[in-house]
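Here's a quick walk through one model, from its empty spaces to its helices. Have the coordinates open as you read.

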Amino acid sequence: MRGRAGTGVGVTPVGIHHAVVGNSGGRTVGMDGAGLVGREWHVRRVREDMDRLRAGAGGLVEVVGEPGIGKTRFLGAVQDLAREAGFRVVAITGCGAGRTQDTECAGVLRRLAVGLFGAPAAGRPGPERMPAGPRVPVVVVLDDAHALGPEAVDFLDLLTRTVAAVPVLCVVAHRERQTPPALRFVLARGTELGVVDRVELGPLSREECARLVGDRAATRRAEELFRDSGGYPLYALALHALRTLPTEDSGRRTPAGPGAYGFGHFEALLLGETVGLSPQEQSVLETAAVLGPVIRPEVLEQVHTRSAPGRFDQALEGVMGRDLLRLSGRALTFRHPLMRRVVYERTSPLRRLSVHAHALAVLRAEGAEPLELAPHIAGSVSLEPLRDAEALVLAGTECESVTPEQAAVWYDRALRLLPSSDDHAARRFEVSRLRAGALARAGRLTDSRDVLQELLRRPGTPGTDRVEDRVEAVVMCAYNDMRLGRPAQACAMLRSEIAPLTSDRTSRERLKLTLELGLSALLAGEYPPVRHDLLWAHDAARNRGERHHQATVLAITACGEAFEGQTALAKLAADSAAALVDALPDALLAERGTLQTLAWAELLLERATDAERHLERAQALLERSGDALAMPHVLIEQAMIHLYAGRLPRALGLARQAQEASRTTGHAPILTAARTLESHLGAWLSPRRGGSRERDAVADAAARPDPAPAAGNRWTHLTTTLRNHTRLSAGHLGACAELLLRPGGPDLRVLAAPLLPQYAETLVTAFLELRDQEQAASLAAFAQEYASRLDLPGQRAHAARAHAHVLAAAGRHDEALTHFRQAEVWFAQAGKKAELARCLRDTARTLARLGRSDDVRSVVRRLSGHIAATGAGCLRGDAERLLATHPLHATTGLKDSLTKREQQVAALAGTGRTNADIARQLGLSKRTIENYLVKIYRKAGASPASRENLGHLLPRTAQDAT
């Protein structure tokens with residue numbers, strides 16, 4: 001019988017048929033235990049016990065672990081294994097004292113003892129009375145044995161004394177916190193005697209937790225799931241089901257698999273823990289759930305006594321005895337927050353209202369902080385609305401940096417309590433602005449913008465006449481527009497607000513608006529029109545002595561001038577901005593994105609080291625402040641720096657983190673850029689030899705629709721330059737050219753100026769593949785002319801390489817080699833290591849066309865080192881083909897560099913012999929041969945994949961070598 005739905009027990013005087021209690025959970029577990037995540041080793045332990053059972057030797061397995069750790073699921077796998085092995089299975093689950101089913105289980109245990117041993121458990125027959133036992137091996141599974149009562153103790157005591165004499169394997173699971181001392185003693189004694197095999201189930205790892213719910217371990221969602229569940233499978237599945245609840249109209253069918261159940265299923269399992277509580281115990285549990293996640297026992301007693309008089313101490317002891325509440329230091333906590341959630345939601349609304357009111361009175365009398373009062377103010381009927389509203393606002397400000405979503409709730413509750421009269425309009429305006437800020441911090445940008453738009457809709461409304469309050473709201477609204485990919489709308493709104501303030505030469509409000517205008521214009525690609533505004537802002541900030549605002553203006557200027565191709569001005573502004581921010585304390589740099597903007601400018605100016613330093617500081621500031629909105633910017637800029645410096649695997653990890661952060665904050669333009677960056681890095685990490693995920697990323701990016709934002713947008717620039725590389729790698733040449741020319745125009749001048757030679761080189765490659773040499777030559781000439789104006793070594797290198805490709809296509813390989821060599825020098829000077837590796841590949845190809853085999857191998861040796869250092873796996877196949885097609889037939893250079901023994905090993909390896917064969921033939925150990933081969937590969941500049949070519953590297957044959 002395979003299923004375990006329902007409850008049925010059948011034990012006859014002559015043997016055992018089956019007992020069924022529990023639920024398989026939709027799981028199919030094979031003999032290797034592969035249906036369980038993170039429990040493969042534990043299942044192998046039980047399989048070994050079953051192998052001994054098949055040989056006629058019984059045993060006892062003790063399975064221990066905390067509630068929610070997956071003991072029941074593990075026992076379900078044990079039952080599946082036992083049935084697949086042809087054993088009879090008896091499965092019994094404890095239900096707790098005082099329940100009808102517990103009495104039935106006790107009767108089953110007594111009949112089971114008679115069926116197995118010929119005597120009831122209490123009889124405890126000695127060895128001379130032992131029966132022959134059942135003919136067919138039996139697996140007895142006892143789940144929640146701590147709740148089975150004294151019959152379980154007697155049964156297991158009898159089993160530990162006689163287990164070697166009968167073919168019975170008993171697998172017993174229990175919670176040590178709730179297990180009676182007698183049962184723990186019996187199992188501990190059995191462990192000491194060597195008849196009990198103890199299996200401890202611990203929390204899953206981060207990777208296992210992600211695999212359990214079908215997610216990737218590297219995602220933010222998986223990280224949060226692991227953190228909130230503690231690695232406990234039950235809580236992980238419940239939280240996953242809770243966070244993926246379908247809408248009422250979605251009609252989504254429940255799929256098969258471990259995470260297939262909805263939250264209601266897990267809620268029922270958790271509520272099952274409360275079945276059998278007395279009314280007083282249930283009352284204490286409900287009161288604790290209403291009070292909060294951390295409960296002081298004295299407060300619990302006072303509130304419970306007020307709302308439901310009764311014997312508190314005895315009831316609390318009963319709840320703690322069921323391991324529903326635990327003592328943590330001097331406070332009580334629920335076993336897991338999910339347990340509190342389901343108890344709270346099951347408590348009647350009137351009961352919750354009463355407990356909240358009593359808790360508020362008790363805590364206020366004790367002088368509790370607003371953050372402790374807030375849940376009870378929100379959960380009760382307010383008798384002092386103004387006082388309660390101010391307490392809620394204070395609670396919101398206290399928790400906003402850590403839990404902005406909760407802060408937004410407290411601000412919203414405060415607004416409901418504040419009167420709508422004109423006397424309180426200013427306060428309502430301020431609290432609404434605070435709520436909008438909390439919503440933005442929580443990633444709800446659209447909701448935040450809607451709140452602010454409602455506030456700003458009527459400038460004459462009471463409460464909006466204070467200029468400083470209105471400016472703060474306008475700046476926040478513009479910030480949301482930028483993050484939502486609408487920088488042009490942000491610029492328009494800011495200009496309309498700045499216009500009435502132009503007569504004030506040092507206005508603090510005008511300065512704030514102008515700084516936000518500069519950032520918005522930078523993102524919108526409209527920097528030139530704000531140059532004059534930024535000059536005014538710089539002078540105003542300097543006159544006011546506000547160095548942090550002065551640094552922000554300089555950072556914006558550096559980035560804007562770099563985008564316009566004015567690298568000399570950009571370098572001056574970047575130097576001044578860096579000098580200021582390096583001297584400023586962190587507290588003054590937490591807003592405005594000064595560090596991120598400066599780092600972007602430094603990256604455009606090929607100052608990767610400075611950019612990395614400033615981004616590391618920015619990330620530390622954001623982590624301390626809890627600002628999730630700006631984190632995607634920092635992550636994607638860090639990924640670009642690692643790409644620039646040739647640290648490709650690290651760049652890929654950061655690109656994936658940027659995707660997760662962008663999904664959380666709802667920043668669509670950055671999400672698009674992060675996806676494109678991942679695809680681009682997948683191409684670098686080799687779509688041919690890399691993992692399937694990288695191959696899929698390249699294919700998806702090549703087929704994905706092009707981004708539609710206006711040209712000049714900062715994230716459009718990034719997406720464009722990366723996507724054209726990806727399409728080129730995937731062989732979509734026409735689409736690559738169309739993608740670059742459509743937003744940039746025939747000469748690309750609308751695209752970001754400091755990257756134009758890089759764009760042009762990609763187009764040159766595409767047009768040469770399309771056999772349009774005239775267009776390619778025109779673009780190469782443009783790239784060289786523009787790169788000389790930029791005076792950036794990296795862009796000079798791209799232009800030189802583009803011109804080299806045109807020369808090579810025309811058959812002028814000697815001239816092409818000169819330009820490839822010059823490009824190598826400039827790439828090395830710029831620190832663009834991955835591009836340097838690509839340039840070495842191009843140099844080696846040109847040398848091969850010129851027939852200079854010695855030089856080919858020398859360059860390939862350098863190339864192999866750069867491939868290993870950067871992770872540029874897409875170049876590995878080219879390096880190996882160059883080695884294979886240009887062996888040193890006519891030279892003794894490699895031969896002279898090898899010892900006689902190394903020559904012998906190389907020659908034999910080239911004939912296809914294995915390491916073991918070579919070792920036998922030369923009378924050496926296999927390990928020695930492996931060491932020789934490592935030295936040979938290093939000297940030859942080859943990789944182990946080139947083993948079959950070793951025979952061509954030397955003029956000697958295998959017969960000569962021996």
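## Empty space inside

About 80 Å³ of space lies in the second largest cavity. A cavity here is a set of points on a 1 Å grid over the protein atoms alone where a 1.4 Å probe fits but cannot get out, and lining residues have an atom within 4 Å of a point. Grid points are joined across faces, edges and corners, and the volume is the space filled by probe spheres set on the points. Lining this one are L36, V37, R39, I69, G70, R73, F74, L204, L212 and P233. Searching the whole structure turns up five cavities of 30 Å³ or more.

Bear in mind that this is a predicted model: local features need pLDDT of at least 70, side-chain atom pairs count only at pLDDT 80 or more, and totals for chains, interfaces and linings use all residues. Numbering runs from 1 along each chain as its sequence is written, and side-chain values use heavy atoms, with hydrogens and water left out.

## Helix α8 and T219

P233 also belongs to α8 (helices are DSSP runs of H or I, at least four residues, numbered from the N terminus). Eight of the 11 residues of α8 (233–243) are buried, so the helix is largely enclosed by the rest of the structure. Buried means under 20% relative accessible area with a 1.4 Å probe, protein chains only. The eight are P233, Y235, A236, L237, A238, L239, A241 and L242. Their cover includes α6, α7, α9 and α13, where contact means heavy atoms within 4.5 Å.

In the loop between α6 and α7 sits T219, which counts as buried at 2% relative accessibility. T219 and R656 are 437 residues apart in sequence, yet their C-alpha atoms are 7.4 Å apart.

## Nonpolar cores

F74, from the cavity lining, turns up again in the largest nonpolar core: 218 residues, with F74, L300 and F334 having the most contacts inside it. Such a core is a set of buried Ala, Val, Leu, Ile, Met, Phe, Trp, Tyr and Cys residues joined through side-chain atoms within 4.5 Å. A second, separate core of 25 residues includes L112, V138, L156 and V186.

## Helix α35

What's buried in α35? A776, L779, A780, F782, A783, Y786, A787 and L790. They cover an arc of only 165 degrees (directions from the helix axis to the C-beta atoms), which puts them on the same side of α35. Covering them are, among others, α25, α34 and α36. Just after α35, D791 takes a positive phi of about 55 degrees.

How values were computed. Buried means under 20% relative accessible area, exposed over 50%, partly exposed in between (1.4 Å probe, protein chains only). Helices (H or I, at least four residues) and strands (E, at least two) are DSSP runs, numbered from the N terminus. On a 1 Å grid over the protein atoms alone, a cavity is a set of points where a 1.4 Å probe fits but cannot get out, and a pocket is an open set with protein on both sides within 12 Å along at least five of seven lines; lining residues have an atom within 4 Å of a point.
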